[in-house]
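I opened the notebook to record what I looked up, one item at a time. The sequence and structure come first.

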Amino acid sequence: MKLGRLNHIGVATPSIADSIVYWRDVMGATHIHEPFDLPEQGVKVCFVDTPADGPNNGTQIELIEPLPGNTSIKGFLEKNPLGGQHHVCFEVPEIHAAREEFIALGKRVLGEPRIGAHGTPIFFVHPKDMQGMLVEIMESPKEGAGH
Ligand code: CO
């Protein structure tokens, strides 16, 4: 595994609308993207940019709200009613190579790579194999693709 850029921190929330107010008015975020549904994963997501030294280069906060029928984020919110940090996402150059490396290390990879919120393939690795953190691995967007 070649550790890449920290792309985002996933934060579960019972209300993206309320979280946007927090990130804007308390944390001073000036670039909050339009929320959108990711029905394949049963969630609504909203990206909040943190500043960077170049365009589209900062780590983001990924706000995640469960859509009706969602079980995993809903379960997380039942244990953590205020919401909270849910996962961390690191970039890799090539998703299938990274997946094979984690499997070779005996890590529990959760499912096949699928298209994530940035439109590039992702997979998750079980927190019990990852120092207690749910880790999302994401293929880096190609040059010029932005977010
Ligand atoms: Co994520």
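Which residue with a positive phi follows H3? I looked it up and found Gly106, with a phi near 80 degrees. I note here that the model is a predicted one.

**Helix H3.** I then went back into the helix itself, residues 95-104. I listed its buried residues as Ile95, Ala98, Arg99 and Phe102. Looking down the axis of H3, I saw that these buried residues fall within an arc of 100 degrees, so they line one face of the helix. I checked what covers them, and the cover includes E5, strand E6 (109-115), strand E7 (121-125) and E8.

**Helix H2.** I repeated the search for H2, residues 72-79. Here the buried residues are Ile73, Phe76 and Leu77. They cover an arc of only 95 degrees around the axis, so they sit on the same side of H2. On the other side of H2 I found Ser72, Glu78 and Lys79 exposed. The cover over the buried residues of H2 includes strand E1 (6-12), E3, strand E4 (60-66) and E5.

**Phe47.** Next I picked a residue of strand E3, which spans residues 43-49. Is Phe47 buried or exposed? Its relative accessible area is 5%, and buried means under 20%, so Phe47 counts as buried. Leaving aside neighbours within four places in sequence, I wrote down its contacts, among them His8, His31, Phe36, Glu62 and His118. I also looked up its distance to Phe76: the two are 29 residues apart in sequence and 19 Å apart in space, C-alpha to C-alpha.

**The cobalt ion.** Two of the contacts of Phe47, His8 and Glu62, came up again when I looked up the metal. Which residues coordinate the cobalt ion? I found His8 (NE2), Glu62 (OE), His87 (NE2) and Glu136 (OE), at 2.0 to 2.1 Å. Along the chain, the donors follow the spacing H-x53-E-x24-H-x48-E. His87 in strand E5 (residues 84-92) and Glu136 in strand E8 (residues 135-139) are 49 residues apart, and the pair links distant parts of the chain.

I looked up the accessibility of both. His87 is buried at 3% relative accessibility, and Glu136 is buried with a relative accessible area of 4%.

Why is the arrangement around the cobalt ion irregular? The four donor atoms subtend angles of 86 to 174 degrees. For four donors to count as tetrahedral, all angles must lie between 85 and 135 degrees, so the angle of 174 degrees rules that out. I entered the arrangement as irregular.

Notes: Residues numbered from 1 in each chain as written. Predicted model: local features only at pLDDT ≥ 70, side-chain atom pairs only at ≥ 80, totals over all residues. Heavy atoms only, no water. Helix = DSSP H or I, 4+ residues; strand = E, 2+ residues; numbered from the N terminus. Buried < 20%, exposed > 50% of the residue type's maximum accessible area, 1.4 Å probe, protein only. Contact = heavy atoms within 4.5 Å. Donors = N, O, S within 2.8 Å, 3.2 Å for Na, K, Ca; no water. Tetrahedral: all angles 85-135°; square planar, octahedral: opposite > 155°, others 65-115°. Arc of directions from axis to C-beta.
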